[in-house]
Amino acid sequence: MTFDNNAAPLQQLVDCRDAFISDEIFCSREALIEWARNVGKRNGFVIVIRRSDKGDSRKGRVSLACERGGKYRHAKNKSNVEGLNRKGTGTKKCDCPFKIIGVKLTTNDDWSVKVVCGFHNHGAAKQLEGHSYAGRLSDGEKTILSDMMKNLVKPRNILLSIKNRDEYNVSTMKTIYNARHKHRLLNTASRLQMQQLMKQLNECKYVEWHRKDESNDCVRDLFWAHPTSIQLLNAFCSVLIMDCTYKTNRYRLPLLEIVGVTSTNLTFSVAFVYLEAERVDNYTWAMEKLQSLMFADRLPNVIVTDRELALMNAVRLVFPTTTNLLCRWHISKNVLANCKKLFERKEKWEAFMSAWSVLVFSWKEDDYERNLRSLTTDYYTYPGAVKYVTESWLTPYKERFVAAWTDKVMHLGNVTTNRVHMQS
């Protein structure tokens, strides 16, 4: 059986009547439309709404058709204002006669479906993946995307979750990216990024302070902390760990993250601070705001940082009774970067690092002196390496990272800033 259409080539009719004939009573108009679209996807066709009347003043009806229904328009070459020929364009429409009608019943919001014409005058699509219409997200899927975005779920995992919920979903990563972008635009409502951040902090009841440049009204530093984090801070204030992350935002501002440790050895975020620059003034302002969150008689015993001199000076100014330890991991990375190139053999370098580790983990001061003499004697042929570890780290900072001194304070096993990176 064939269908003759003057506007479109002669095609073999595809009979889909059996797939759409149903005695099912649908609980709503939306349920009927979703059922019809899913049946269409299973058969390789895209079903769209042609006409709709929700039935406010009369019996409700909805007319569903194939996306290729309608008259075919021949592509014509058009010229632009400069007289240049444009590439010919066309359309997918081929006057497909497929049509079904949904009718609202007199009981509640129930709907039934009736097949008017169950034939398509074109073949079924081999795949609908990437189809501009079939790949659209439903309202429910948009809600899922919104909730997962709030939980910082990656786009590929959002797409996977949506496909797991609907086996006939044919959305692509581009669909997810476009939906995320539209969702952000709707949420920001033309606000600038800083305005949006301030709005979110206020809505979520964060404790927030900022200071700005009076000459241009630009925010210089921004400190915020969640009320629950403040409660945890005052309950577990013995050890705090601080470190900055870099180049993680479009303005390239340093982000200082402060975390604490619970009695069960779990990590919790205390506060975050955007800094204008890594200067003593900026860090001191941040430390003062942190101090204002704490009880006067419950200040930290230990603060672990890397060798950021401005931060170390700010800690000393604001928390003079607190012991400032240095991150052993960062120290080892610095030794690696500056000393490995001085060793011509891998075995010798590994032996040097082993001796360095023994020195760092010296339990007593006498052990430290003995291990230091051993290192300087065994590697006297590498004066550059010995000079670096001695002058850059041991002489000025041994009390901040060598076990013989750090174990005199209760640091609860926290001698690196790795907990900060684990939270990021």
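Tutor: Welcome! A residue is called buried when its relative accessible area is under 20%, exposed when that area is over 50%, and partly exposed in between. Keep in mind that this model is predicted.

Student: Is Arg220 buried, exposed or partly exposed?
Tutor: Buried would need an area under 20%, and exposed one over 50%. The relative accessibility of Arg220 is 23%. That value lies between the two limits, so Arg220 counts as partly exposed.

Student: Which residue forms a salt bridge with Arg220?
Tutor: Look for a carboxyl group whose oxygen comes close to the side chain of Arg220; the closest N and O atoms are 3.3 Å apart. The pair links distant parts of the chain, 61 residues apart, with Arg220 in strand 10 and its partner in helix 8. This partner is itself partly exposed, with a relative accessible area of 40%. The residue is Asp281.

Student: Which residues are joined with Arg220 and Asp281 into one network?
Tutor: The whole structure holds 13 salt bridges. Some of them share partners, and that sharing builds the network around Arg220 and Asp281. The other members are Arg211, Asp221, Glu276 and Arg279.

Student: In which helix do Asp367 and Arg370 lie?
Tutor: Their side chains meet in a salt bridge, at 2.5 Å from N to O. The two residues are three places apart, about one turn of the helix. Both lie in helix 12.

Student: Which residues have the most contacts inside the largest nonpolar core?
Tutor: This core has 29 residues, and among the elements that each supply at least two of them are strand 12 (255-261) and helix 8 (280-292). Leu256 touches Met242, Phe272, Tyr283 and Met287, among others. The residues with the most contacts inside the core are Leu256, Met287 and Leu290.

Student: How many residues are in the other core, the one with Met353 and Leu375?
Tutor: That core lies apart from the largest one. Tyr379 and Val402 are also among its members. Its number of residues is 28.

Student: Are the rings of Phe26 and Trp35 stacked, edge-to-face or tilted?
Tutor: The whole structure has 14 aromatic pairs, and this is one of them. The ring centres are 5.2 Å apart and the planes meet at 50°. Stacked needs under 30 degrees and edge-to-face over 60, so the pair of Phe26 and Trp35 is tilted.

Student: How many residues apart in sequence are the parts tied together by Trp356 and Phe401?
Tutor: These two rings form a tilted pair, 6.2 Å from centre to centre. Trp356 is buried at 2% relative accessible area, and Phe401 is buried at 1%. Trp356 lies in helix 11 and Phe401 in helix 13, so the parts tied together are separated by a number of residues equal to 45.

Student: Over which ring does the charged end of Lys398 sit?
Tutor: Lys398 counts as buried, at 18% relative accessibility. Its side chain also forms a salt bridge with Glu399. The charged end is 5.7 Å from the centre of the ring, which belongs to Trp405.

Student: How many disulfides does the count come to?
Tutor: A disulfide needs two cysteine sulfur atoms within 2.5 Å. For Cys16, the closest cysteine sulfur is in Cys96, 8.8 Å away, which is too far for a bond. The count of disulfides comes to zero.

Definitions and conventions. Residues numbered from 1 in each chain as written. Predicted model: local features only at pLDDT ≥ 70, side-chain atom pairs only at ≥ 80, totals over all residues. Heavy atoms only, no water. Core = buried A, V, L, I, M, F, W, Y, C linked by side-chain atoms within 4.5 Å. Buried < 20%, exposed > 50% of the residue type's maximum accessible area, 1.4 Å probe, protein only. Helix = DSSP H or I, 4+ residues; strand = E, 2+ residues; numbered from the N terminus. Contact = heavy atoms within 4.5 Å. Phe/Tyr/Trp six-rings, centres within 6.5 Å; stacked < 30°, edge-to-face > 60°. Lys NZ or Arg CZ within 6 Å of the ring centre and 35° of its normal. Salt bridge = Lys/Arg side-chain N within 4 Å of Asp/Glu carboxyl O. Lists of a residue's contacts leave out its neighbours within four places in sequence.
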